[in-house]
Amino acid sequence: MLSDITLGQFFPGNSPLHKLDPRMKIFLIILFIVTIFCASSLLSFCLVLGSAAFLTILSRIPLRQILKGLRPLFLIMLFTAILNIFWTSGENLLWQWGFVKIYAEGLWYALFMIVRVVTLIIGSSVLLTYTTSPIALTDGLERVLSPLRVLHLPVHEFSMMMTIALRFIPTLIQETDKIINAQKARGADFTSGSLFQRMHALVPVMVPLFVSAFHRADELAVAMECRCYHGGEGRTRMTQLHLSGRDYLFLFFMLALFALVLLCNSVSFW
Amino acid sequence: MGETVTGGKISLEHVTYKYSVGTPFEKTALDDVSLSFEGGIITGLMGHTGSGKSTIAQLLNGLLKPTSGTVRIDGKDIWEDPKKIREIRFRVGMVFQYPEYQLFEETVAKDIAYGPRNMGLEESEIEARVLDAARFTGLEAECLEKSPFQLSGGQKRRVAIAGIMAMRPEILVLDEPAAGLDPQGRREILGGIREYQRENGATVIIISHSMEDLAVYADKLMVINQGHLFRYGTSHEIFCHAEELKQVGLSRPQITKFMMELKREGLDAGEGIYTVGDAFEAVLRLFGGERSHAE
């Protein structure tokens, strides 16, 4: 049940996207997001949508998995679409009932909004979260952010905290599942009763969960100190990151997409 | 090798269970398993890691729903009415591996009372059951008012087991109840389980890796291999097939091996010795016999 949550979960694989340098991926995703928000004509949206589909195929992540990640955002998309349909005014009035007016522009905006959100999610999950292991991700982030060390920001510590947090999410989920099962075996009922009763029913889950999380944190800290961990200073890495031809190829692809989208923005269809 | 046991208090019939159905992580834990546990005795469930023991345990009290097949208690399908599965959980008590983590209340007594309270019992009845459960698990009265987080690991284990016993389930399933405890703690906990079984006429299933413990405390043994019933019988019937046990990654109790060694060295104290107590008597008999022979 709890382990069904997949948004932002690494999906092991061996696709070209999996092999990209995480630093490059972080850069590519930023570029992709900028591209998505620059797109403003039908043709450029088609381009963005097409490239999102292309990336999905490249990543070899099952479509079902990606759709599952989109499901929680369905309501938000619906809501923004409705807002856009009813509140956008333009020149081409399609339908009117009292003060409710629907313009062609509204429909277009709604459609674009949905395409934006969908490509944003697909792009970021396919490029980053599904194809990058959490360790590689924080490693990449640390490198990308490392110039900030000049400003005395503890970049290494932040990324270590993130690595640890990410590392323990599955553990905590498992633990929660285990505790829920144990309390269910003692007759706990999480699914009926008033809101207050349900919140109260969670106490037997939350207390052991916090106790064990603190316990774990303590043990981890001791284990790290035993191995002489003392922060990022002078620390070398087991895996060095290298940009390869593949990374530059993807960069070229993304830059080309960006340029094409800017170009196509001036081509109007409606 | 598939022997089937029919009838019984609680049984699995052609049960298949798959984890994470519909994801790339789908895994079949049990494939068409049929087995049955006799009522009113302690059955020891053995099998090496990953043989499906824990899955079987969770199927028995309805924490997992079989992908196909039925689980029956007294011949009745427990999933007949899915809304009543909570009642099944009161009838089939389940003690998980390392159950210490399930403690959450301010005091030990309150924690033990959590299960009975969920059953909707009256306060006086709850109190009686808490004291009863504390007696089976050897918890002293002064312990009951302490916070469970102050206790030692062994005592926490007792509180967790008492929390299940207090629901007075007719079927009690324990997954490695004595794992990680010192020998005295093991004896006391397993002895308490035996006492609970006798006093309530309960059906008890103990999952364990310890052949020694099971040889002493279980009436019947069931060996599971790769999600299938491999052997079922008394400890003698199981442990006399040493080679067969080795095949499935298990071994005979250490004391049995020791007695075999003794025999090889020329001291034959007899066959079929599976507990230290039996060995003690056999050796005594042997030396007693020799002494009288020498005289």
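Here is a friendly exchange about a predicted model of a complex and how some of its features get their names.

Me: What makes chain B a confident part of the prediction, and where is it weak?
Reply: The predictor's confidence in each residue is its pLDDT, which runs from 0 to 100. Chain B has a mean pLDDT of 86, and 94% of its residues reach 70 or more. Over residues 1-5 of chain B, though, the pLDDT is below 50, and this stretch has 13 contacts in the model beyond near neighbours in sequence. Residues 291-295 of chain B also stay under 50, and they have zero contacts beyond four places in sequence. For the complex, the predictor gives an ipTM of 0.84 and a pTM of 0.72.

Me: Why are β6 and β10 of chain B called edge strands?
Reply: Start with their sheet, which is open and has six strands in the order β6-β7-β8-β3-β9-β10, with mixed pairing. β6 (92-95) and β10 (228-233) of chain B each have a single partner strand, so one side of each is left without a neighbour in the sheet. On average, neighbouring strands here are turned by 20° against each other, direction ignored.

Me: How do you know that β9 and β10 of chain B pair?
Reply: Two strands pair if there are at least two bridges between them. Strand β9 (residues 220-225) of chain B and β10(B) have five bridges, in the antiparallel sense, so they pass that test. To find the place in the model, look for B:N225, which stands opposite B:H228 in β10(B).

Me: What lies across β6 and β7 of chain B?
Reply: Helix α5 (residues 153-165) of chain B does, running at about 170° to β6(B). β7 covers residues 171-175.

Me: How do you know that β4 and β5 of chain B count as paired strands?
Reply: The cut-off is at least two bridges, and two bridges join strand β4 (residues 68-73) of chain B to β5(B). The pair therefore meets the requirement. These two strands run antiparallel, and B:R72 stands opposite B:D77 in β5(B). They belong to an open sheet of four strands in the order β2-β1-β4-β5 (chain B), with antiparallel pairing. Its edge strands are β2 (27-37) and β5 (76-77), each pairing on one side only. Helix α1 (residues 53-60) of chain B packs on this sheet, touching β1 (10-19), β2 and β4, and its direction makes about 115° with that of β1(B).

Me: Which residues does B:S147 contact, leaving aside its neighbours within four places in sequence?
Reply: B:S147 is found in the loop between α4 and α5 of chain B. Its contacts of this kind are B:E106, B:T107 and B:V108, and a contact means heavy atoms within 4.5 Å. The C-alpha atoms of B:S147 and B:L103 are separated by 9.7 Å, with their positions 44 residues apart along the chain.

Me: What makes a space a cavity, and how many are there of 30 Å³ or more?
Reply: In a cavity, a 1.4 Å probe fits but cannot get out. A search of the whole structure finds two of 30 Å³ or more. The largest has a volume of about 50 Å³, and about 30 Å³ of space lies in the second largest.

Me: What lines the largest cavity?
Reply: Its lining residues are B:P177, B:A178, B:R186, B:L190, B:I206, B:S208, B:D213, B:L214 and B:Y217. By class, six are nonpolar, one is polar and two are charged. The largest share, three residues, comes from α7(B).

Me: Which helix gives the most to the lining of the second largest cavity?
Reply: Helix α4 (residues 123-136) of chain B does, with four residues. Among the lining residues are B:R129, B:F136 and B:Y196. This lining has five nonpolar, no polar and three charged residues.

Me: Why is a pocket named apart from a cavity, and how much space lies in the second largest pocket?
Reply: A pocket is an open set of points, whereas a probe in a cavity cannot get out, so the two names are kept apart. The second largest pocket holds about 1,200 Å³ of space. Of the 38 residues that line this pocket, the closest to its centre are A:D139, A:E142, A:M160, A:R235 and A:R237. The largest share of the lining, eight residues, comes from α8(A). By class, the lining has 14 nonpolar, 12 polar and 12 charged residues.

Note on methods
Residues are numbered from 1 along each chain as its sequence is written. Chains are lettered from A and ligands numbered from 1 in the order in which they are written. This is a predicted model: local features need pLDDT of at least 70, side-chain atom pairs count only at pLDDT 80 or more; totals for chains, interfaces and linings use all residues. Side-chain values use heavy atoms; hydrogens and water are left out. On a 1 Å grid over the protein atoms alone, a cavity is a set of points where a 1.4 Å probe fits but cannot get out, and a pocket is an open set with protein on both sides within 12 Å along at least five of seven lines; lining residues have an atom within 4 Å of a point. Grid points are joined across faces, edges and corners, and a volume is the space filled by probe spheres set on the points. Ala, Val, Leu, Ile, Met, Phe, Trp, Tyr, Cys and Pro count as nonpolar, Asp, Glu, Lys and Arg as charged, and the others, Gly among them, as polar. Axes are lines fitted to C-alpha atoms, for helices over the stretch in contact, and angles run from 0 to 180 degrees between N-to-C directions.
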